[in-house]
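Q: Could you take a close look at one part of this model for me? I'd like to start where the chains meet and work outwards from there.

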Amino acid sequence: MKYFSIIVSIITLLTFQVNAQDQTVEQRLAVIMNLLRQTNTLSTDAKKLVNQSPESLLEQLAPYENDTSPKIRHFTYTLCKKISDIQGDITTRQIVTSKLVNALADSSPLVWQHAAKDLLSFHPDDFTEESKQTIHSYLSQDNPKYEIILIVGTANMTQSLPRLISIANDQSNNSPITGKWYGTSGWAAHLSSARLGHTDSTQYCIEKVSSEPNPVIQVTKLLKDMAYIRQKEAILFIKTYLDSNDRLPSLKANVSGTQYAQYAIDLLAECIINIPIERKYVGAYTPSEISNIRQWMNQESNWLNFINK
Amino acid sequence: MKKNPCFIIAFILSLLMFIASSHAEMSKTLNAAIVKIKMDTDSNNDGTIDATDDAQEEESPGKLVPVNDNDDNSNRTSDLMDTAVTGENDLSEINVSLDPEEIASDSAVQNDINIQLEASSGASHIKLWDSATKSNEISLPKTYNLGTDTLPSSVYLEGSASGETDLDIVLKSGTQELSSDTLKNTIINVDYSEDSSQSYGFDNRQTDALATGNYLDNLFVPWKSVRSSHTDSVIATIADSQNADHVYFTSTDETNVTVSPPQAASATQTLTINGIRKGNAVIQANLASENGKNAALLNVSSYDLVEKTLAIILVHEDNDDVQDIAVGQPAASTQTCVSSGTNLSLDTNPAGDDIIDGTYIRSGPDGTCDTTANNTDILSTDLQINALETYLNETVYNQAVLQWTVTRLTEKRVNFDLNRDGQIDVSSWPTPEMQIIIDECGDSNYDHNIFLVDHPSDGSLGYMSFGQRYGFVHLDNSNHPNNTVAHELGHGAFSLEHPDNGSRNDADIENLMHSVEPNPWRLRKYQWDIINP
């Protein structure tokens with residue numbers, strides 16, 4: 001269903017309602033971008049597929065990567081990410097990750113923050129050596145960005161582990177200078193190190209999340225961080241929330257708060273390739289689905305070999 | 001002439017008696033002239049009490065003293081209302097001395113000596129204490145009899161309200177004033193407040209209803225937010241106004257935050273707060289110099305900008321059933337009166353004795369079609385996207401240095417009303433009806449989606465569970481549509497709880513996340529940190 005909706009989305013984005021058959025992709029993109037630029041509106045009325053190769057589409061989008069409007073640049077990179085989701089060959093994905101890595105240097109937080117977020121959904125093979133070198137150069141700077149640190153783990157850049165551990169062990173990076181401890185570069189470095197297999201960091205993260213007193217933050221924010229780690233111990237930690245019958249505080253009179261297990265199963269569906277459930281979203285999992293996955297994880301130890309890295 | 005020896009002796013005795021008598025009188029007079037009572041304080045405000053203060057002690061402004069309205073012992077009670085304040089550092093030391101000091105223990109005269117402390121002007125501006133940490137108050141006027149009382153060597157002046165005061169000390173023998181001294185003090189109050197044209201946030205919540213202790217380290221210090229590499233403004237209000245130029249502003253960490261101007265020029269001084277980089281600093285308002293006594297603090301958090309994307313999708317209930325046989329017309333039993341339209345879903349409730357059969361309504365035993373086909377969409381209420389984006393970015397989430405890019409996606413007609421009651425079922429998170437909308441209208445390309453859908457089953461304004469991409473807003477019930485969207489995003493995007501009925505139990509009626517108050521918009525420091533960690 002999700003895949004279908006992505007396809008529909010890209011179809012509708014790259015088509016247009018007026019004289020669509022007579023317009024080139026370049027013209028249609030221009031219309032879409034102008035509408036977005038001028039009215040904050042995205043047309044999704046069109047019905048026809050633009051039958052183009054991903055390389056061609058990416059080429060058509062390239063000029064918009066340098067648009068003066070951050071909104072247009074952001075949208076451009078978002079389309080690139082969608083193209084890689086749909087046209088999922090390794091070449092396309094590497095082209096897209098290269099573009100997104102370049103976008104990390106964009107001056108607009110809208111652009112670079114979302115590019116960084118998109119990069120977290122790729123696999124290590126999707127990053128070229130050149131991209132990894134660029135990421136490592138960012139990591140080597142003073143006070144590297146939180147988002148950059150996480151990408152290092154996603155790209156499985158084990159050669160950067162010493163730098164990550166250095167950042168993680170610097171106490172000044174672990175105390176929130178403002179904000180929360182889970183917004184620090186030290187925390188990101190622990191997460192990234194853990195993802196690269198540094199067991200001390202994994203243990204540190206588990207203990208740190210366990211000590212968070214606010215259950216809403218713990219369940220809705222920090223479990224996602226644990227899912228990022230993609231290591232057995234972290235997944236077992238998430239499993240404890242799957243097995244819990246506790247609920248978050250209620251937001252409506254007469255409506256129970258959401259079960260912790262809803263958040264856990266949603267993350268486990270992302271982290272474990274052979275888990276027998278399709279990822280939906282928090283709240284959409286039925287009691288029987290939760291029960292079945294609890295049972296499956298208790299009985300099926302093979303999932304350890306199917307962690308989605 | 002022969003002198004009479006007796007006369008001579010008598011003369012000498014008389015002379016001796018006269019001398020003795022005169023000496024006693026002369027002694028008393030001398031004492032009155034040389035005994036002095038004196039008070040000393042840091043009248044020139046250079047940080048020390050010394051001889052250089054004497055020339056300033058009766059001149060305005062004299063010693064500059066802050067109003068003691070902070071909370072040095074962090075017990076959530078203003079120090080003005082508190083006693084025995086551990087860590088108190090806002091009182092002004094006054095040294096008291098007698099010259100010669102031996103007179104205080106001279107049993108021949110001490111019973112006649114009284115020393116009185118009083119405020120000859122501005123008594124309501126100060127309190128006097130026997131220690132720097134407010135152990136015992138010295139009520140004015142206060143008289144010390146040296147025969148029965150011990151004259152303290154130091155007393156401590158606390159500023160309680162802005163204005164000038166003259167503190168007098170008088171030494172008397174009986175009713176005769178022998179010596180006196182006066183100290184001029186000027187009490188200055190500085191308050192930081194929100195500039196109505198500010199770009200980011202200001203949190204001055206002084207709550208008394210917090211059940212949990214994680215609000216602020218120091219209750220009476222407000223917080224200001226600012227974006228790193230950007231500036232914002234705040235107001236410093238200074239009383240007594242004629243002494244505004246004695247107030248200096250400084251940042252405790254200029255690598256994070258700076259402030260300008262360094263010295264106040266008026267009683268209502270607009271300060272420019274410059275966020276240098278992500279981090280905290282305290283803006284001090286100090287008296288007399290940038291290193292002088294502190295009169296007010298302002299915590300400042302400089303945040304990096306976070307950007308989020310939001311899609312707004314207007315969703316209508318799609319009703320397109322077809323009237324196959326007109327109402328009231330005869331129909332054979334089980335003949336189709338109404339059938340589903342192109343959405344392939346039955347949108348009509350049967351009337352009379354008509355019955356539902358899959359996606360059809362068929363006539364009942366009375367042989368007549370009783371049901372009118374429902375082919376009228378149930379429309380939802382829209383909002384202005386640009387106005388929403390402005391509200392989110394200039395009224396609400398700017399407080400936490402977060403910005404939304406809002407995009408309107410094309411409105412949708414969806415057949416979500418499974419039970420054909422004309423409402424969207426919002427009785428749990430999420431109901432099957434809500435899931436239909438999410439599945440058909442959701443766009444995971446955006447950080448968050450808000451579906452505008454009218455007619456909720458419970459009359460609520462909106463629903464977005466913690467940490468969700470998707471949320472629902474029912475503008476037919478909302479008088480403040482932008483505020484309702486902002487509130488639901490607080491739950492879904494940032495996992496913010498209701499302050500009034502969540503774990504905080506804080507009746508913060510101005511808070512965006514209040515569960516029932518209409519149109520509150522403020523975010524507090526603890527929420528800034530969650531939104532922008």
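Which strand of chain B do two bridges join to strand 1 of chain A, and do the two run parallel or antiparallel?

A: It's strand 24 of chain B, residues 402-414, and the two strands run parallel, joined by two bridges. Keep in mind that this is a predicted model. For a concrete pair, look at A:T41, which sits opposite B:R408 in strand 24 of chain B. In general, strands of a sheet pair through backbone hydrogen bonds, either parallel or antiparallel.

Now zoom out to the whole contact. Chain A puts in 34 residues and chain B 43 residues. On the chain A side, the elements giving two or more residues are strand 1 (41-42), helix 4 (70-86), helix 6 (109-119) and helix 12 (215-229). Helix 12 of chain A has the largest share of that side, with four residues. As for character, the chain A side splits into 15 nonpolar, 13 polar and six charged residues.

Staying with chain A, there are 15 helices and one strand. Chain A has 309 residues, and 44% of them count as buried. Among its contacts with a separation of 6 or more, 58% are between residues 24 or more positions apart.

Helix 6 and helix 12 of chain A turn up again once you look at helix 8 of chain A: the buried residues of helix 8 pack against helix 6, helix 7 (129-140), helix 9 (161-169), helix 10 and helix 12. Helix 8 of chain A is mostly covered, with eight of its nine residues buried. Those buried residues are A:Y146, A:I148, A:I149, A:L150, A:I151, A:V152, A:G153 and A:T154. Right after helix 8 of chain A comes A:N156, which takes a positive phi of about 55°.

The packing of helix 8 on helix 10 is worth a closer look. The axes of helix 8 (residues 146-154) and helix 10 (residues 185-195) of chain A come within 8 Å and cross at roughly 5°. Because of that angle, helix 8 of chain A counts as roughly parallel to helix 10 of chain A. From helix 8 of chain A, the contact uses A:Y146, A:I149, A:L150, A:V152 and A:G153, while helix 10 of chain A brings A:S185, A:A188, A:A189, A:L191, A:S192 and A:R195. Sorted by type, the residues of this helix 8 to helix 10 contact in chain A are seven nonpolar, three polar and one charged. As a reminder, an α-helix has 3.6 residues a turn, so residues three or four places apart point the same way.

One more stop in chain A is A:S256, in the loop between helix 13 (232-242) and helix 14 (260-271). A:S256 has 13 C-beta neighbours inside 10 Å, so A:S256 counts as partly exposed. Setting aside neighbours within four places in sequence, A:S256 is in contact with A:R247 and A:S250.

Over to chain B. Its domain assignment gives domain 1 (32-189), domain 2 (195-304), domain 3 (307-314 + 379-531) and domain 4 (320-376). Taken over C-alpha atoms, the centres of domain 2 and domain 4 of chain B are separated by 70 Å.

Next, strand 2 of chain B (residues 63-66), which is covered on both faces: B:K63 and B:V65 are buried on one side, B:L64 and B:P66 on the other. Strand 2 of chain B runs parallel to strand 10 (residues 176-194) of chain B, with four bridges joining them. Within that pairing, B:L64 stands opposite B:T186.

Then there's a five-stranded open sheet in chain B, with strand order 11-12-18-17-14 and mixed pairing. Its edges are strand 11 (202-203) and strand 14 (247-251) of chain B, each pairing on one side only. Strand 14 of chain B is antiparallel to strand 17 (residues 279-287) of chain B, through five bridges. There, B:T250 stands opposite B:Q284.

Finally, four strands of chain B make an open antiparallel sheet in the order 20-21-23-22. Strand 20 (322-323) and strand 22 (355-357) of chain B are at the edges with a single partner strand each, so each has one side without a neighbour in the sheet. Strand 20 of chain B meets its antiparallel partner, strand 21 (residues 336-339) of chain B, through two bridges. B:Q323 has B:V338 of strand 21 of chain B as its bridge partner.

Key: Residues are numbered from 1 along each chain as its sequence is written. Chains are lettered from A and ligands numbered from 1 in the order in which they are written. This is a predicted model: local features need pLDDT of at least 70, side-chain atom pairs count only at pLDDT 80 or more; totals for chains, interfaces and linings use all residues. Two residues are in contact if their C-beta atoms, placed from the backbone, lie within 7 Å. Ala, Val, Leu, Ile, Met, Phe, Trp, Tyr, Cys and Pro count as nonpolar, Asp, Glu, Lys and Arg as charged, and the others, Gly among them, as polar. Two strands pair if DSSP finds at least two bridges between them. Domain bounds come from an automatic or database domain assignment. Axes are lines fitted to C-alpha atoms, for helices over the stretch in contact, and angles run from 0 to 180 degrees between N-to-C directions. Angles under 35 degrees count as roughly parallel, over 145 as roughly antiparallel, 65 to 115 as roughly perpendicular and the rest as oblique. A residue is buried if 20 or more other C-beta atoms lie within 10 Å of its own, exposed if 12 or fewer, and partly exposed in between; C-beta atoms are placed from the backbone.
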